[in-house]
Amino acid sequence: MKKLIIFLFIAMCVHVHAQVNNHSFGVPSETTYNHITWNAKVDFSKQIIVADATYQLKVTAQSKQLILDCKNLVIEQVLVDGEPAAWQLGKADPLLGSPLTIAVTPKSKSVKVSYVTTNQSDALLWVEGKKPFLFTQSQAILARTWIPCQDQPSLRFTYDANVEVPADLLALMSARNPQKIQEGKSGKTKIYHFEQPKPIPSYLMALAVGDIVFKPISERAGVYATPDMIDVASKELVDLEKMIVAAEKLYGPYQWERYDVLILPAAFPFGGMENPMLTFATPTILAGDKSLVSLIAHELAHSWSGNLVTNETWNDFWLNEGFTVYFEFRIMEELYGHEVSDMLATLAVQDLYATIHELQPEDTRLKLKLEDRDPDDGMNDIAYNKGYWFLRTMEERVGREKFDRFLKNYFSKYSFKVMNTERFLEILKSDLLDPGSYRYIQPEVWVYDEGIPRNACFIGSDRIQKVDEWVEAYELDATMMKTMPWKEWMYQEQYRFLSKVKFKSVDQLHEFDAVWHVSQTGNKEILFAWIVQTIETGDRSKASVEVLKQFLGSVGRRKFISPLYKSLKTHGRQEEAVQYMKMYEKVYHAVTRQTVWGILNEK
Ligand code: BES
Ligand code: ZN
């Protein structure tokens with residue numbers, strides 16, 4: 001009998017859900033869950049996590065199975081209400097992984113899955129060193145490589161966790177966190193308990209384990225980092241509380257109890273990641289002069305846009321990121337004045353046009369059609385900066401006061417809910433734009449058409465304008481360089497100069513460096529722009545190659561690393577690039593590694 005049931009169950013699985021839309025095999029409308037309890041042991045010697053996850057089910061009268069997304073996990077056991085259950089792991093799709101199908105009934109209460117991660121669990125990066133470090137990166141669809149789940153942003157759940165780690169390391173999650181290494185009877189390991197009492201989507205599940213210490217900034221905000229970084233990090237982020245206050249003043253109370261920032265090892269593939277209660281950030285923002293803190297304003301802003309109101313699918317990604325860029329610039333304006341926010345907006349437009357130039361026209365729409373594609377393909381300046389420009393254009397049309405009232409109401413009304421582009425257009429019609437403004441803005445053109453609409457508002461900055469004049473003057477006459485106010489320029493101005501100017505020769509480039517010491521800068525954005533210049537100008541001097549190699553071997557942030565490899569390739573240095581990649585890929589996260597190999601292997 002039991003064999004027959006299992007046979008029928010397997011037969012049933014085979015034809016189920018060959019079709020996937022949400023980048024997920026899960027079918028929450030049939031069976032889902034509202035809470036996960038995660039028990040895990042982090043084993044640094046084998047670089048695996050041995051874990052079990054228990055799901056509090058939400059069944060329907062139709063519930064026959066629970067389908068979870070899984071990728072590169074070894075499933076060891078599945079229990080339904082404590083009893084061994086029939087389960088099956090479907091054929092693996094290279095992008096999505098496999099559906100884990102578990103037989104349940106409309107009466108089932110809980111499912112428990114025991115499993116082990118593998119060296120293909122792409123969310124995880126095990127960083128080796130005197131003391132090891134582990135961190136996860138789940139967005140967009142990598143949560144399934146370390147926790148089986150219905151890995152789609154439209155689905156929310158609360159979680160709690162017990163995580164066992166070596167006794168000298170601290171564990172942190174996107175949850176209520178400890179502030180120091182647990183005291184207590186000495187043993188080889190310690191167990192940390194976590195709770196995330198607010199429902200979150202799977203892409204915000206996060207874990208970090210390492211030699212981490214904490215420093216408070218205010219009652220509700222602080223910084224985590226390794227001991228060698230903590231002082232630098234807490235100095236750089238002194239304005240954290242002010243940012244939260246500015247954000248709350250704009251769009252309503254902060255909903256996540258605490259706001260802490262964890263500075264990760266340089267291998268972190270992104271600038272920042274808005275994990276609830278604990279933003280993950282690259283150490284490359286620690287420039288020493290707070291010049292790169294807009295990134296923290298951005299991640300903080302996600303505590304509203306994204307973490308409260310969440311994009312329904314990755315096709316609506318602009319709703320997460322475009323709103324967040326808008327909010328980021330508003331926080332920056334509040335704290336540092338409109339000269340700074342104007343520069344940020346102007347640079348965003350510059351990046352946007354460069355991106356549009358590189359993309360296929362159909363990929364320049366806000367609403368994406370990512371079916372069968374990696375959601376990562378949508379992570380570009382369209383979602384971020386075209387999204388920003390759309391919102392800014394509406395702000396200018398209706399006036400800031402009205403626009404702010406609209407946004408504040410939007411964040412409170414749709415908190416802990418999902419949003420899609422179509423619904424947002426409806427809301428614009430009912431809550432923001434009168435018929436005249438709607439006709440003027442043409443929201444459908446913004447979200448469904450390619451390129452930049454003709455009604456896009458003017459974005460500019462006096463300071464950037466002056467820099468552009470210096471670029472022109474310098475290109476005409478390189479001796480102008482010495483009278484340039486380089487040292488007085490803010491980071492954004494230096495960056496603009498370096499990302500725009502064309503050096504006429506390697507000698508000219510070296511003269512510039514001899515005067516302004518750009519290659520020695522501690523600001524990684526500036527250094528990046530400089531290295532791009534050396535490649536584009538054809539500078540293969542020993543010193544410049546050293547700077548390049550040092551950078552490629554010590555930074556894993558994809559935004560820097562992948563354009564550098566690409567630039568090497570397009571400037572006839574493909575073999576050299578492959579050689580570097582073979583040397584350094586071990587220190588990159590899978591996200592960066594895969595993008596770079598994609599570039600280098602492309603014909
Ligand atoms: N949520 C994103 C990072 C992300 C997006 C990771 C999609 C994976 C898939 C984060 O908020 C972000 O936008 N980070 C930016 C910084 C920002 C200032 C533009 C980054 O990492 O560069
Ligand atoms: Zn973001």
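Hi everyone. Let's start with two residues: His 298 and Glu 321 are both buried. Please keep in mind that this is a predicted model.

So what do these two residues do here? Together with His 302, they are the protein donors of the zinc ion, ligand 2. The histidines each offer their NE2 atom, Glu 321 offers OE, and the donors lie 1.9 to 2.1 Å from the zinc ion. If you have the sequence open, look for the spacing H-x3-H-x18-E, which is how the donor residues are arranged along it. Now find the helices: His 298 lies in helix H4, residues 294-301, while Glu 321 lies in helix H5, residues 317-336, so this pair ties together parts that are 23 residues apart in sequence.

Next, let's step back to the domains. The domain assignment gives domain 1 as 2-211, domain 2 as 307-448 and domain 3 as 466-601. The centres of domain 1 and domain 2, taken over C-alpha atoms, are 32 Å apart. Their contact takes 15 residues from domain 1 and 18 residues from domain 2.

Last stop: a pair of helices. How do H13 and H15 pack? H13, residues 491-500, and H15, residues 524-537, pack at an angle of about 10°, and their axes are 9 Å apart. Angles under 35 degrees count as roughly parallel, so that is what we call H13 and H15. On the H13 side, the residues are Tyr 491, Gln 494, Tyr 495 and Leu 498. They meet H15 residues including Phe 528, Ala 529 and Trp 530. Sorted by type, the residues of this contact are seven nonpolar, two polar and one charged.

Thanks for listening!

How values were computed. Residues numbered from 1 in each chain as written. Chains lettered and ligands numbered in written order. Predicted model: local features only at pLDDT ≥ 70, side-chain atom pairs only at ≥ 80, totals over all residues. Heavy atoms only, no water. Axes fitted to C-alpha atoms, helices over the stretch in contact; angles between N-to-C directions. Helix = DSSP H or I, 4+ residues; strand = E, 2+ residues; numbered from the N terminus. Parallel < 35°, antiparallel > 145°, perpendicular 65-115°, else oblique. Contact = heavy atoms within 4.5 Å. Nonpolar A, V, L, I, M, F, W, Y, C, P; charged D, E, K, R; others polar. Donors = N, O, S within 2.8 Å, 3.2 Å for Na, K, Ca; no water. Buried < 20%, exposed > 50% of the residue type's maximum accessible area, 1.4 Å probe, protein only. Domains from an automatic or database assignment.
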